[in-house]
Amino acid sequence: MSFKVFKTMFAGKELTVETGKMCALSNGSCLVRYGETAVLANVTMSPAPREGIDFFPLSVDFEEKIYSVGRIPGAFLRREGRPGESAVLSSRVVDRPMRPLFPKDMRNDVSIVMTVMSVDPDCDPEIVGMLGAIIATCISDVPFNGPIGGISVGLVDDEIILMPNAKQKETNKLDLTLVCSREKVVMIEAGAKEVDEKTMLQAIKTGHEEIKKFIDFVDEIVAEIGKPKYEFQHIEVDTAMFEAVKEFAIDKVKFALDTDDKNVREARLNPIYTEVHEKFDDEYPEQTAMIDECMYKLQKFIVRRWLLDEGKRVDGRGINEIRPLSAEVGLLPRVHGSGLFTRGQTQVLSVATLGTMKDAQLIDGLQDIYEKKYMHQYNFPPYSVGEARAPRSPGRREIGHGALAERALVPVLPSQEEFPYVIRVVSEVLSSNGSTSQASICGSTLALMDAGVPIKTPVAGISVGLITEGDRWMTMLDIQGLEDFFGDMDFKVGGTHNGITAIQVDIKVDGLTYEIIEEAFEKCRKARLHILDDIMAPVISKPREELSKYAPKMKTLKIDPDKIKDVIGKGGKVIQKICAECEVQIDIDDDGSVFISGIDSEGINKAFQIVKTIVDDPEVGAIYKGIVTRLMNFGAFVEIAPGKEGLVHISQLDEKRVGKVEDIVNVGDEILVMVTEIDEQNRINLSRKEAIAKLNAKKAD
């Protein structure tokens, strides 16, 4: 392929696509430039199908190269390691809208790799990578029902902004990633600061209009350099076999599916599979592997017919009925906060832990290195779905669900000034039968309030499903696992009374109309209010006023950044001495924010006063607790703060006459003194006598 350059305007900036210059051995490749962001996208396909699998083997990887931002990786080996969470989430954002557009019965391995090579802070590499992946796939010989397009949409000063830049993101109320075909919406991923449903729908429509222009651009590229699509061997269920299995097993399968208990359903289905194989293995000896596919197809047929033709759900609920709900808090005595949320057979236990500044997570990615002070993690152990296997480290799904819950809760968290703690919430899925991510949002809200985190308002989550057939469609509230498995959409929305805080939409069809989206929004809104008001509020309506006795206590103050060195001292001697003496931990940010934490409030208060004394100039009339450092014939020198020492004249050591200094104090004694004078040379004169008199007068009052 010869070198070609294609250009268009996208959301007000020039988008450039270069092909034919790099990566000649890929099935499709392009370098996409947007501003000074450049992402190399490649798609490759194995020449032959993989044997022995019953799924389409697609992998999508977003490779963050630290050289793209002019830095050397901070890891020990000074090279990129396993993908960080941001890279995993970017991979998922590209994977989810593209996967349904590949042929479901293709068994050739397909790999999409986006390599971030240069990053302009004003031009999001995730969206640029997505556009590159779409173009590379469309111009390749890999079968794909594209093109589609993606865009980032923001809301700044109540104005909808396409592809917001770094400055606009500082005040952005909406972080929406939208993927659309020419006619429909293919994927929605959003974090928002309580944005109402009407505004959210308008943002989707605005982004869709710009995406249509990009799709026209891709069509022009494909028309010029697109390769003929690969002809693969289709895997189709034999119609006669399916009809035979259907006639034999349909009534048995209907009975098996008609229950609200997942365990009962599986117990009923297992012997039916055995019976079907005993009946048809000899009749179709070369197609036994397709018998299970017939059973899958039969279950899907039954569930969809029930929903579309009878409005019937497998567990007997109404179309807009939520499964039985319950909520609890304070289950675990030694943790800082806990919340258990149950929806039908889906159950999630969330645990909140409060930490000090040293517990913040250091993030070294394509953004500036920063500390993450709220972490939400989601675990999905095998026992939650009744599987007998050892647990594994979190995969992409777990990372994605944790990020969704985190997005939903971040808008209601207090600022560091209001609540100077690092917060970690872990959602443990105890039982799963659909919508565990939304249960984790509810459970985590409970846990945060139980921990005494002063969130602005509670958050809840709910999902809506979809069944389509031609022009017919219907949505159903609170889908369980089977409806997710055989349905066409999982539309997840988290939010408060005031609006949406997070959205994640996965679909298996060619897209959603605005009418479907609007109906899903309204159903989620009503259900969310019911969960907040009728299920969660009776259990805990506001954050606890006191923290757990096992949580670290914290006090903060703001000091002049120029005085940070005085608090730390030479070689850290001053801060180490304060920490040891008061049994506290002190963390100081570059802006002068000082965080003092510990278990004992008395020690924290003592350290707080010491730091204030160090950074504040001594005030005449103020009383300090100091340490006697030297004795002289004429008096004693007392250190009221590290590096700040004053003289208590012998006449000021006591209310009665003092003959010898040693009669009253010795080196190392801790005494109360009052500042009586600061002379022109900044020498401090102190008085123990005046301090005693002032304290006695206060007691008398």
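Tutor: Let's begin with a working term: two residues are in contact when heavy atoms of theirs lie within 4.5 Å. Keep in mind that this is a predicted model. In the chain, 69% of the contacts with a separation of 6 or more are between residues 24 or more positions apart.

Student: Thanks, that helps. How many helices and strands are there in the chain?

Tutor: The chain has 15 helices and 29 strands. Its C-alpha atoms fill a box of roughly 115 × 60 × 45 Å along the principal axes.

Student: And what percentage of the 701 residues of the chain count as buried?

Tutor: A residue is called buried when its relative accessible area is under 20%. In this chain of 701 residues, 52% count as buried. As for the surface, the chain exposes about 32,600 Å², and carbon and sulfur atoms supply 49% of that area.

Student: Let's go inside. Which residues have the most contacts inside the largest nonpolar core?

Tutor: A nonpolar core is built from buried nonpolar residues joined through their side-chain atoms. The largest one here has 136 residues, and those with the most contacts inside it are Ile 188, Phe 341, Leu 448, Phe 491 and Phe 521. Helix H4, residues 197-225, gives the largest share of this core, 11 residues. Apart from this core lies another, of 32 residues, with Val 237, Met 290, Trp 306 and Ile 479 among them.

Student: I'd like to follow one of those residues. What is Phe 491 in contact with, leaving aside its neighbours within four places in sequence?

Tutor: With those neighbours left aside, Phe 491 is in contact with Ile 188 and Phe 521, which you have just met, and also with Ile 462, Ser 463, Val 464, Gln 504, Val 505, Leu 512, Ile 517, Ala 520 and Cys 524.

Student: Now a glutamine. Why does Gln 438 count as buried?

Tutor: Its relative accessible area is 1%, and the cut-off for buried is under 20%, so Gln 438 is buried. Its place is in helix H9, residues 436-450. Beyond its neighbours within four places in sequence, Gln 438 is in contact with Arg 343, Leu 404, Gly 461, Ile 462, Ser 463, Lys 492, Val 493 and Gly 494. Ile 462 and Ser 463 also appear among the contacts of Phe 491.

Student: Back to H4, then. Is Thr 206 in helix H4 buried, partly exposed or exposed, and what is its relative accessible area?

Tutor: Partly exposed is the class between the 20% and 50% cut-offs. Thr 206, found in helix H4, has a relative accessible area of 24%, so it is partly exposed. Leaving aside its neighbours within four places in sequence, Thr 206 is in contact with Ile 160 and Leu 162. Thr 206 and Val 153 are 53 residues apart in sequence, with 8.4 Å from C-alpha to C-alpha.

Student: What about enclosed spaces: how many cavities of 30 Å³ or more are there?

Tutor: A cavity is a space where the probe fits but cannot get out. The count of those of 30 Å³ or more comes to two. About 60 Å³ of space lies in the largest cavity, which is lined by Glu 18, Thr 19, Gly 20, Lys 21, Met 22, Ser 29, Cys 30, Leu 31 and Leu 40. Strand E2 (13-19) and strand E3 (28-34) each give two or more residues to this lining, with the largest share, three residues, coming from E3. By class, the lining of the largest cavity has four nonpolar, three polar and two charged residues.

Student: And which residues line the second largest cavity?

Tutor: Asp 61, Phe 62, Glu 63, Pro 83, Ala 87, Val 88, Ser 91 and Arg 396 do. This cavity has a volume of about 40 Å³. The elements giving two or more residues to its lining are strand E5 (58-64) and helix H1 (85-98). Four of its lining residues are nonpolar, one is polar and three are charged.

Student: Finally, the backbone. Which residues does a cis peptide bond join?

Tutor: Gly 146 and Pro 147, with omega about 0°. Pro 147 is in the loop between helix H2 (125-139) and strand E7 (149-156).

Student: Where is Arg 78 found?

Tutor: In the loop between E5 and H1. Arg 78 has a positive phi of about 55°, although it is not a glycine, and at 49% relative accessibility it counts as partly exposed. Glu 583 also has a positive phi, near 55°. Glu 583 lies in the loop between helix H13 (573-582) and strand E23 (585-588), and is exposed, with a relative accessible area of 66%.

Conventions
Residues are numbered from 1 along each chain as its sequence is written. This is a predicted model: local features need pLDDT of at least 70, side-chain atom pairs count only at pLDDT 80 or more; totals for chains, interfaces and linings use all residues. Side-chain values use heavy atoms; hydrogens and water are left out. On a 1 Å grid over the protein atoms alone, a cavity is a set of points where a 1.4 Å probe fits but cannot get out, and a pocket is an open set with protein on both sides within 12 Å along at least five of seven lines; lining residues have an atom within 4 Å of a point. Grid points are joined across faces, edges and corners, and a volume is the space filled by probe spheres set on the points. Helices (H or I, at least four residues) and strands (E, at least two) are DSSP runs, numbered from the N terminus. Ala, Val, Leu, Ile, Met, Phe, Trp, Tyr, Cys and Pro count as nonpolar, Asp, Glu, Lys and Arg as charged, and the others, Gly among them, as polar. A nonpolar core is a set of buried Ala, Val, Leu, Ile, Met, Phe, Trp, Tyr and Cys residues joined through side-chain atoms within 4.5 Å. Buried means under 20% relative accessible area, exposed over 50%, partly exposed in between (1.4 Å probe, protein chains only). Accessible areas come from the Shrake-Rupley method with a 1.4 Å probe; for residues, only the protein chains shown count as cover.
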